[in-house]
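Open the model in your viewer and keep the selection box handy. We'll go stop by stop, picking something to select and then looking at what is there.

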Amino acid sequence: MAIPRQLPNAITIARIPLAIVFFVLLLLAGTDGSADLAMRWVAGALFVLAISTDWVDGYLARRYELVSDFGKLWDPIADKLLTGAGFLGLAILGEVPRWIVIVILVREWGITVHRLMIVHEHVVAAAWMGKIKTTVQGVALGWALLPLHVWIGMSVWTAVTLVLMIAALVLTVASGIDYIVAQVRGRRSAA
């Protein structure tokens with residue numbers, strides 16, 4: 001079966017407006033007693049749908065040999081916009097400690113800016129640790145965004161959210177270090 005050549009890239013780019021719509025819905029849903037649970041469910045489900053497309057576009061690109069420099073560059077950017085919107089929204093709503101969000105966002109956008117600065121030299125594809133980090137971030141954010149506390153209780157939901165966010169934080173920092181080490185080694189071997 002043939003698929004349109006640009007389908008993986010189109011799926012990647014679709015995550016960008018989805019991130020914006022998700023972020024607006026999340027903030028409109030509110031938090032605590034003022035929360036609009038229906039809107040929160042929609043925002044959470046939209047995030048889960050959008051983050052799932054990361055796997056779909058990657059699978060299609062590899063399966064049908066449609067991997068492109070465009071996809072290698074824009075896939076992580078679209079991921080950062082989506083996960084960044086999730087982390088930022090949860091921090092604004094006071095549901096995740098701000099210091100965790102700050103550390104994660106500084107690492108995420110620092111690496112992204114570096115990738116954009118060196119794109120004229122070469123495109124850096126995501127490494128295995130970065131892919132694991134993105135998966136854990138997606139799981140942590142999906143858990144935190146869906147109002148599951150309605151069924152399991154606020155204390156359990158909050159505790160699991162914190163554990164998942166710390167796991168995401170640790171992997172985010174570790175993958176950032178891994179990226180920097182790989183870039184330094186690459187420059188040394190090229191010299």
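Leaving aside its neighbours within four places in sequence, which residues is Ala43 in contact with? Select Ala43 and you'll find Phe22, Leu25 and Leu26 in contact with this residue, where contact means heavy atoms within 4.5 Å.

A quick word on ground rules before moving on. This is a predicted model, in which local features need pLDDT of at least 70 and side-chain atom pairs count only at pLDDT 80 or more, while totals for chains, interfaces and linings use all residues. Residues are numbered from 1 along each chain as its sequence is written, and side-chain values use heavy atoms, with hydrogens and water left out.

**Stop 1: the whole chain**

Zoom out and show the protein chain as a cartoon. You'll see seven helices and zero strands, giving the pattern α-α-α-α-α-α-α along the sequence. Helices (H or I, at least four residues) and strands (E, at least two) are DSSP runs, numbered from the N terminus.

Turn the chain around: its C-alpha trace spans about 55 × 40 × 25 Å along the principal axes. The radius of gyration is 17 Å, which agrees with the value near 16 Å for a compact globule of 191 residues. That radius is taken over C-alpha atoms, and the globule rule is 2.2 Å times the number of residues to the power 0.38.

Now switch on the surface. About 10100 Å² of the protein chain is accessible, and 73% of that belongs to carbon and sulfur atoms; the areas come from the Shrake-Rupley method with a 1.4 Å probe, and for residues only the protein chains shown count as cover. Buried residues make up 42% of the 191 residues. Here buried means under 20% relative accessible area, exposed over 50%, and partly exposed in between (1.4 Å probe, protein chains only).

Of the contacts in the protein chain with a separation of 6 or more, 82% are between residues 24 or more positions apart.

**Stop 2: back to Ala43**

Ala43 sits in helix 2. With a relative accessible area of 0%, Ala43 is buried. Draw a distance from its C-alpha to that of Phe22: the two are 5.2 Å apart in space and 21 residues apart in sequence.

**Stop 3: Ala61**

Stay in helix 2 and select Ala61. This residue is buried too, with a relative accessible area of 11%. Beyond the neighbours within four places in sequence, Ala61 is in contact with Pro8, Leu66 and Val67. Leu7 is 54 residues away along the chain, and its C-alpha atom is 8.4 Å from that of Ala61.

**Stop 4: salt bridges**

How many salt bridges does the structure hold? There are eight, each one a side-chain nitrogen of Lys or Arg within 4 Å of a carboxyl oxygen of Asp or Glu.

Start with Asp75 and Arg15, whose side chains meet at 2.5 Å, N to O. Asp75 is in helix 3 (residues 69-92) and Arg15 in helix 1 (residues 7-29), so this pair ties together parts 60 residues apart in sequence. Both Asp75 and Arg15 are buried.

Next, pick Arg40 and Glu95; the closest N and O atoms of this salt bridge are 2.7 Å apart. Arg40 belongs to helix 2 (residues 37-63) and Glu95 to the loop between helix 3 and helix 4 (98-117), so parts 55 residues apart in sequence are tied together. Arg40 and Glu95 are both buried.

Then select Glu108 and Lys80, with 3.9 Å between the closest N and O atoms of their salt bridge. Glu108 is in helix 4 and Lys80 in helix 3, 28 residues apart. Glu108 is buried at 2% relative accessible area, and Lys80 counts as buried at 8%.

Now highlight Arg15, Asp54, Asp57, Asp75 and Asp79 together: salt bridges that share partners join them into one network. Within this group, Asp79 lies in helix 3 and counts as buried at 5% relative accessibility. Neighbours within four places aside, Asp79 is in contact with Arg15, Asp54, Gly84 and Thr134.

**Last stop: Leu146**

Select Leu146, in the loop between helix 5 (128-145) and helix 6 (149-152). Is this residue buried or exposed? Leu146 is buried, at 17% relative accessible area. Leaving out neighbours within four places in sequence, its contacts are Trp41, Gly44, Ala45, Val48 and Trp157.
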